[in-house]
Amino acid sequence: MALCRVFQHLDGSVSVLRLNPRLTDVTLDGETAKNSSLQGLPFIDVDESQIPIDRGNRHNWRIKDGKIVSEQ
């Protein structure tokens with residue numbers, strides 16, 4: 001299970017933070033702290049398998065009820 005952090009921006013769009021599995025000394029909290037544009041944004045931590053495979057509609061991804069959904 002690989003956790004990812006999904007942030008919701010003010011316009012509703014999302015950003016996905018994935019950790020490099022080869023680096024064992026990094027955490028989602030640590031990587032979030034390094035990126036000032038993500039600080040203070042609401043987020044959810046989800047298993048990577050819950051992220052839609054098709055990135056073609058990524059601009060339509062939203063966080064709803066603790067999940068990532070594609071609104072079209």
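A salt bridge here is a side-chain nitrogen of Lys or Arg within 4 Å of a carboxyl oxygen of Asp or Glu. Keep that in mind as you move through this structure, which is a predicted model.

**Stop 1: Arg18 and Glu48**

Start by selecting Arg18 and Glu48 and showing their side chains. They meet in a salt bridge, with N and O 2.9 Å apart. Now look at where the two residues sit: Arg18 belongs to strand β2, while Glu48 is in the loop between β3 and β4 (61-64). The pair links distant parts of the chain, 30 residues apart. Turn on the surface if you like. Arg18 is partly exposed, at 33% relative accessible area, and Glu48 is partly exposed too, at 36%.

**Stop 2: the sheet**

Switch to a cartoon view and find the strands around Arg18. In what order do the three strands of the open sheet stand? The order is β2-β1-β3, and the pairing is antiparallel. Colour β2 (14-18) and β3 (43-47) to see the edges: each has a single partner strand, so one side of each is left without a neighbour in the sheet. As you turn the view, note the twist, which averages 25 degrees from one strand to the next.

Next, select β1, residues 3-8, together with β2. These two strands run antiparallel and are joined by five bridges. Two places are good to label. Cys4 has Arg18 as its bridge partner in β2, which brings you back to a residue from the opening stop. Val6, for its part, stands opposite Val16 in β2.

Follow the chain from β1 into β2 and you pass through the turn of a hairpin, with five residues between the strands. Pick out Gly12 in that turn, where phi is positive, at about 95 degrees.

**Stop 3: Arg5 and its partners**

Go back to β1 and select Arg5, then add Asp29. The two form a salt bridge, and their closest N and O atoms are 2.9 Å apart. Arg5 lies in strand β1 and Asp29 in helix α1, so this pair ties together parts that are 24 residues apart in sequence. Are the two ends buried or exposed? Arg5 is buried, with a relative accessible area of 5%, whereas Asp29 is exposed at 53%.

Add Asp45 to the selection, and you have a network of salt bridges linking Arg5, Asp29 and Asp45. The structure holds five salt bridges. One of them joins the side chains of Lys64 and Glu71, at 2.6 Å from N to O. Lys64 is partly exposed at 40% relative accessible area, and Glu71 is partly exposed at 34%.

**Stop 4: Thr32 in the helix**

Show helix α1, residues 28-34, and select Thr32 within the helix. Thr32 counts as buried, at 10% relative accessibility. Which residues does Thr32 touch, leaving out those up to four places away in sequence? They are Arg5, Phe7, Leu17 and Gln39. Arg5 you have just visited, and Phe7 comes next.

**Stop 5: two rings**

Select Phe7 and Phe43 and look at their rings. A pair of aromatic rings is described by the distance of the centres and the angle of the planes. The rings of Phe7 and Phe43 are 5.7 Å apart, centre to centre, with 50 degrees between the planes, and the pair is tilted. The count of aromatic pairs comes to one. Phe7 lies in strand β1 and Phe43 in strand β3, so the pair ties together parts that are 36 residues apart in sequence. Phe7 counts as buried, at 0% relative accessibility, while Phe43 counts as partly exposed, at 40%.

**Stop 6: Val46**

For the final stop, stay in strand β3 and select Val46. Val46 counts as buried, at 3% relative accessibility. Put a distance label between Val46 and Val6: the two are 40 residues apart in sequence, and 7.4 Å apart in space from C-alpha to C-alpha.

Now show the residues around Val46. Leaving aside neighbours within four places in sequence, Val46 is in contact with Ala2, Leu3, Cys4, Val6, Ile51, Gly66 and Ile68. Among them are Cys4 and Val6, which you labelled while walking along the sheet.

Definitions and conventions:
Residues numbered from 1 in each chain as written. Predicted model: local features only at pLDDT ≥ 70, side-chain atom pairs only at ≥ 80, totals over all residues. Heavy atoms only, no water. Pairing = 2+ DSSP bridges. Helix = DSSP H or I, 4+ residues; strand = E, 2+ residues; numbered from the N terminus. Axes fitted to C-alpha atoms, helices over the stretch in contact; angles between N-to-C directions. Buried < 20%, exposed > 50% of the residue type's maximum accessible area, 1.4 Å probe, protein only. Contact = heavy atoms within 4.5 Å. Phe/Tyr/Trp six-rings, centres within 6.5 Å; stacked < 30°, edge-to-face > 60°.
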